[in-house]
Amino acid sequence: MKFLTEYRDPEVAKQYLEEIKKVVTRPWTIMEVCGGQTHSLVKNGILELLPEQINMVHGPGCPVCVTPLNLIDKAIYLAEEKNVILCSFGDMLRVPGSKRSLLEAKANGADIRILYSPLEAVKIARENPDREVVFFAVGFETTAPANALSVIHAHRFGLTNYSILASHVLVPPAIEAVMEDDESSIQGFLAAGHVCAIMGIMEYYPLVERFNVPVVVTGFEPIDLLQGILMTVRQLEKGEAKVENQYTRIVLEEGNMNAQDIIYTVFEVTDRLWRGMEIIPMSGYQVKSEYAAYDANQKYDIDIEEAPENEECIAGEIMKGIRKPIDCQHFGKKCKPENPIGAPMVSSEGACAAYYHFSGAIHKIEEQLS
Amino acid sequence: MCLAIPGKIISIEHQFDGLVRMAKVSFGGIIKEASLEMIPQAKIDDYVLVHVGVAISIVDEAEAKRTFQYLEEMGEVEDELNISDFLPDAKTYRT
Ligand code: SF4
C-alpha cells in the first residue's frame with residue numbers, strides 16, 4: 001500500500017490508526033465532503049486501514065462532478081456557435097455533455113483552451129481584443145474568489161470581451177441536502193479544509209445544531225485525515241456534536257475576509273442545480289446584476305434545450321453517501337476513465353475515478369470478467 | 001482542481017499600470033504567477049498557499065516544505081501545475 005511505504009512518517013499514521021481503533025466501539029458512518037479528501041483517502045489506502053466499524057462515504061465536493069449537464073452543453077455551444085475562446089480548468093474537458101465533451105468539441109476545431117487559472121483567461125482577452133473570451137467558472141468556495149477576481153481584473157482593465165460561465169456551488173447547503181435525504185445514514189462530517197480557509201467555520205454551527213452531527217474541518221494529507229476521523233469518532237462515541245477544527249494551521253475561525261469581500265463584490269447566492277442531485281436552495285453563486293456584462297449567461301443568447309441526464313449513472317446516490325462507486329453496475333465495465341458515463345469517473349476528485357485508479361476494486365472486476 | 005499548493009514568493013510586481021499586484025511564486029522550481037489580492041500583507045520570501053493562481057493564505061516555511069514534498073511524492077503537483085499536457089494539441093496559454 002502506497003501509504004505505509006511512501007509517506008514519510010508512517011509511525012505517526014500508525015499511532016492515529018491505533019488510537020482510532022481504541023476509541024471506536026460501534027459502527028459509524030462519516031462523510032468526507034470534499035473530493036480532494038476522497039482522492040487522498042483512496043490513494044493513500046486509508047480506507048483499508050481504518051477499522052471496519054468506520055464507514056467512510058464520499059460527498060458531493062467535486063466541482064466537476066456536480067456541474068450540470070446543461071452548463072457543459074452551454075459551454076460547448078459558446079465555443080462552437082458563438083466562436084468564443086472558451087477557457088476551462090483541464091478537469092472539465094472530458095466530462096460528458098449531452099452530445100459530446102469539451103474535449104471532443106476541441107478536437108472538432110472549437111477554440112477551447114485549458115488553463116491553470118482564470119486570471120490567465122483575462123490576459124488572453126486583453127491580448128485578443130477582437131475575440132470574445134469566456135471562462136468556464138466552476139468550483140466551490142475555494143475557487144470562487146479566483147473566479148470573481150478574474151471579473152474584477154477584467155473590469156479594472158476596461159475589457160468588454162471577457163465573461164464567465166459561472167457554476168459555483170457551496171458546501172453548507174450541500175450538507176443540508178445530504179442530511180435531509182431520507183436514505184441518509186451519515187453521522188458525522190469532515191468539512192473541506194480549503195473551503196473553510198476562505199469562508200471560515202461559522203457557517204457550520206447552525207448545521208451541527210440542527211442535525212446534531214459532528215463537523216470536523218479537516219486538511220488533505222493522510223495525517224490530517226486520520227486526525228479528523230479520530231476527532232469525529234471521539235465526538236460520536238461521547239455522544240457530542242460540535243464544530244471542531246483539525247486544520248488550524250490554515251483555517252481561521254473567520255476565514256479569509258479579503259477573499260470573502262471579493263466573492264461578495266461579484267457574486268450573490270442563488271439556487272443551483274447539482275448534477276445527479278437536484279436543485280438545492282441557496283446553494284451557489286451567480287454573477288450580480290452590477291457585473292452582468294461579465295456574465296456569459298446574460299451576455300449571450302444561449303439557445304439550447306435542457307437535455308436529460310444519463311439514467312444509468314448513480315452518481316447522485318454516490319455523492320449523497322447512499323452508495324459507493326463499486327455498487328454501480330457500470331463501474332469499471334461500461335464506465336471507465338477513458339470512456340466515462342458520469343462525471344465522477346472523470347475528475348481526479350471524483351469518487352469513481354479514485355476507486356478506479358487506486359482502490360484495487362478494478363482488479364476484482366477484471367477477475368470477474370475474465 | 002481544489003488543490004492548493006504551497007510555494008515561495010520570489011518577486012512581487014505591479015502589473016498593468018499598477019492595477020494588479022502579482023507575485024512570482026516558486027513551487028519547487030516551477031515558477032507561476034499568483035495574485036496577492038487576498039493576502040495583501042504577503043512579502044517576498046513568504047510561503048503562500050496558492051489555488052488556481054491566487055494566493056489564499058500565508059503558511060510557515062516548515063509547513064510549506066513538508067506539504068509540498070508530500071504533494072510532489074504523490075504526483076499531485078505535476079497534475080496541478082503542468083496542466084493537461086497529455087491532451088491532444090492543447091493550446092495551453094503560458095506567460
Ligand atoms: S461508475 Fe460511472 S456510471 Fe457508475 S456512478 Fe460512477 S460515473 Fe456514474
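Is Val52(B) buried or exposed? At 1% relative accessibility, Val52(B) counts as buried, because the limit for that class is under 20%. Good morning, colleagues. The structure in front of you is a predicted model, and I shall go through it by region, beginning with the chain to which this valine belongs.

Val52(B) is placed in the loop between β4 (47-51) and β5 (54-59) of chain B. Its backbone deserves a remark: the phi of Val52(B) is near 35°, a positive value in a residue other than glycine. As a general rule, most residues other than glycine have a negative phi. As for the chain around this loop, chain B contains five strands and two helices. Read from the N terminus, its elements follow the order β-β-β-β-β-α-α. Of the 95 residues in chain B, 54% are buried.

Chain A offers a second case of this backbone geometry. Met282(A) has a phi near 50°, again a positive value in a residue other than glycine. Where does Met282(A) lie? Its place is in strand β11 (residues 279-287) of chain A. With a relative accessible area of 47%, Met282(A) is partly exposed, whereas Val52(B) is buried at 1%.

I turn now to the ligand. The ligand occupies the largest cavity. Which residues are around it? They are Cys313(A), Ile314(A), Ala315(A), Ile318(A), Cys328(A), Phe331(A), Cys335(A), Ile341(A), Gly342(A), Pro344(A), Met345(A) and Cys352(A). Sorted by class, this shell has 11 nonpolar residues, one polar residue and no charged residues. Two domains of chain A contribute to the shell: domain 1 (1-324) and domain 2 (325-369) each supply at least three residues.

Two members of that shell lead us onward, namely Phe331(A) and Cys352(A). I shall take Cys352(A) and its helix before coming to the phenylalanine. In α17(A), the buried residues are Ala351(A), Cys352(A), Ala353(A), Ala354(A), Tyr355(A) and Tyr356(A). Why is this helix described as largely enclosed by the rest of the structure? The reason is that six of the eight residues of α17(A) are buried. Just after α17(A), Gly360(A) adopts a positive phi of about 85°.

Next, the aromatic pairs. How many does the structure hold? Over all chains, there are seven aromatic pairs. In one of them, the ring centres of Phe89(A) and Phe135(A) are 5.2 Å apart and the planes stand at 90°, so the pair is edge-to-face. This pair links distant parts of the chain, with Phe89(A) in strand β3 (residues 85-89) of chain A and Phe135(A) in strand β5 (residues 133-139) of chain A, 46 residues apart. Phe89(A) counts as buried at 4% relative accessibility, and Phe135(A) counts as buried at 0%.

Here we return to Phe331(A) of the ligand shell. Phe331(A) forms an edge-to-face aromatic pair with Tyr356(A), at 6.4 Å centre to centre and with 70° between the planes. This pair also links distant parts of the chain: Phe331(A) belongs to the loop between α16 (315-319) and α17 (351-358) of chain A, and Tyr356(A) belongs to helix α17 of chain A, 25 residues apart. Both Phe331(A) and Tyr356(A) are buried. Elsewhere in chain A, ring pairs join Tyr264(A), Phe267(A) and Tyr285(A) into a cluster.

I close with three contacts given as C-alpha distances. One of them involves Phe135(A): Ser150(A) and Phe135(A) are 15 residues apart in sequence and 9.1 Å apart in space. Ser150(A) is placed in helix α9 (residues 144-156) of chain A and is buried, with a relative accessible area of 0%.

Another involves Leu236(A), in helix α13 (residues 222-238) of chain A. Its C-alpha atom is separated by 7.6 Å from that of Gly188(A), 48 residues apart along the chain. Leu236(A) is buried, with a relative accessible area of 9%.

Lastly, is Thr248(A) buried or exposed? Thr248(A) is exposed, with a relative accessible area of 53%. This threonine is found in the loop between β9 (243-245) and α14 (257-266) of chain A. The C-alpha atoms of Thr248(A) and Thr218(A) are separated by 8.8 Å, with the two residues 30 apart along the chain. Thank you for your attention.

Conventions
Residues are numbered from 1 along each chain as its sequence is written. Chains are lettered from A and ligands numbered from 1 in the order in which they are written. This is a predicted model: local features need pLDDT of at least 70, side-chain atom pairs count only at pLDDT 80 or more; totals for chains, interfaces and linings use all residues. Side-chain values use heavy atoms; hydrogens and water are left out. A residue is near a molecule or strand if one of its heavy atoms lies within 4 Å of it. On a 1 Å grid over the protein atoms alone, a cavity is a set of points where a 1.4 Å probe fits but cannot get out, and a pocket is an open set with protein on both sides within 12 Å along at least five of seven lines; lining residues have an atom within 4 Å of a point. A molecule sits in a cavity or pocket if more than half of its atoms lie within 2 Å of its grid points. Ala, Val, Leu, Ile, Met, Phe, Trp, Tyr, Cys and Pro count as nonpolar, Asp, Glu, Lys and Arg as charged, and the others, Gly among them, as polar. Domain bounds come from an automatic or database domain assignment. Rings of Phe, Tyr and Trp (its six-membered ring) pair if their centres lie within 6.5 Å; planes under 30 degrees apart count as stacked, over 60 as edge-to-face and the rest as tilted. Helices (H or I, at least four residues) and strands (E, at least two) are DSSP runs, numbered from the N terminus. Buried means under 20% relative accessible area, exposed over 50%, partly exposed in between (1.4 Å probe, protein chains only).
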